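Dear colleague,

Here is the structure I promised to pass on, with its sequence alongside. My notes on what was found in it follow below.

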Amino acid sequence: MFLSTYKTTIRNIIRSKTFWLAFCVVLIYCVYDIAFVSHYAVYSFEENEMIWDTDPRFVLEYKTFVKQAINSAEMLLRLSMSIFFVITTVLALNRDYGDRFFEIEKAAGVKPSCYLFGRLAALISINFGLLLLVHTVTFQWYVLSRGGVAGMAFWDYAWEGLVRTARIDLLMGLPCVVFFVGLTYMIGSLFKNGLPAAIMGMAYGIFCMLVGKLYTAGAFVTFFQDYLRPEPMKMFWYLYYYDTEWFEDALNTMQTSAGRAFFSVGILVGVAAICSVISYFRLRRREV
């Protein structure tokens, strides 16, 4: 029963035009960011000017390569992919409350637990899979568009890039996916409608982006950034220079550690778990 709901949910979502439209918007955003937005610059004493990474003269150093792996993930999770996670979850909710999908599954004898966790598992699978794909492709494209990494062979930086993006997406991206899916689904279950879930889910993503611009504005903002936003800074800084010679210095400077990093993502997963329990009890009491 779980597997049936899981497969049906994935099939219904990928058949949606809204799903593909939202995904195209994410891709357009990524293309614009890579092709036209400058991220790094180095000062050239020979030219007596700053050379930005959109300039053909720019040389991508290894340290910048490492930073871009995590910065590109944060850029995706900060707004575009977070809103995409909300949209895919709302599409599933609209099937629940608009197309009588719940009644069909209930008539087939699907238990509330199988129904809910089949839906959530499908949503997490789709969103995490696309996050991994988009992050990997856009990061590798960025590196290639800047002429590769100075002093490294293509296969060396390509492989290291794959490892770094996979690690970042697993430890920072997956908790973000779980959080947004769980929160959005709970809101939709409480209101019996996908619209409030879309509004509140997107509003939270935008709120986090705005708070990010106030990082030094006080203790609460700092705590929120470090532990409560969908891409917590304690994990961000832990992964920033992971497995490099600058790793320990980054931990000391940014006051993070493995314990603090995993505690921060544990909060996100914990909130998602509470939301899932609320959704489950709401589902058990549902008649129509």
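The expected span of a helix is 1.5 Å times one less than its number of residues. With that in mind, and remembering that this is a predicted model, helix H1, which runs over residues 2–14 and so has 13 residues by its DSSP run, reaches 19 Å from its first C-alpha to its last, close to the 18 Å expected. Within H1, the residues Thr5, Thr8, Thr9, Asn12 and Ile13 are buried. These buried residues cover an arc of only 125° around the axis, and therefore they lie on the same side of H1.

I also looked at the empty space inside the model, where the count comes to 2 cavities of 30 Å³ or more. The largest cavity holds about 50 Å³ of space, and its lining is made up of Asp33, Ile34, His39, Gln68, Ser72, Met75, Thr138, Phe139 and Tyr142. At least two residues of that lining come from each of helix H2 (17–36), helix H3 (62–98) and helix H5 (112–145). By character, the lining residues divide into 4 nonpolar, 4 polar and 1 charged.

Finally, there is a residue in a loop that you may wish to view: is Arg229 buried or exposed? Arg229 sits in the loop between helix H8 (219–228) and helix H9 (233–240), and because its relative accessibility is 4%, where under 20% is the cut-off, Arg229 counts as buried. A polar atom of the Arg229 side chain lies 3.0 Å from the backbone oxygen of Glu231.

With best wishes

Technical notes:
Residues numbered from 1 in each chain as written. Predicted model: local features only at pLDDT ≥ 70, side-chain atom pairs only at ≥ 80, totals over all residues. Heavy atoms only, no water. Helix = DSSP H or I, 4+ residues; strand = E, 2+ residues; numbered from the N terminus. Buried < 20%, exposed > 50% of the residue type's maximum accessible area, 1.4 Å probe, protein only. Polar contact = N/O pair within 3.5 Å; in protein donor to acceptor, adjacent residues only side chain to side chain. 1 Å grid on protein atoms, 1.4 Å probe; cavity = no way out; pocket = protein on both sides within 12 Å on 5 of 7 lines; lining within 4 Å. Points joined across faces, edges and corners; volume = space filled by probe spheres on them. Nonpolar A, V, L, I, M, F, W, Y, C, P; charged D, E, K, R; others polar. Arc of directions from axis to C-beta.
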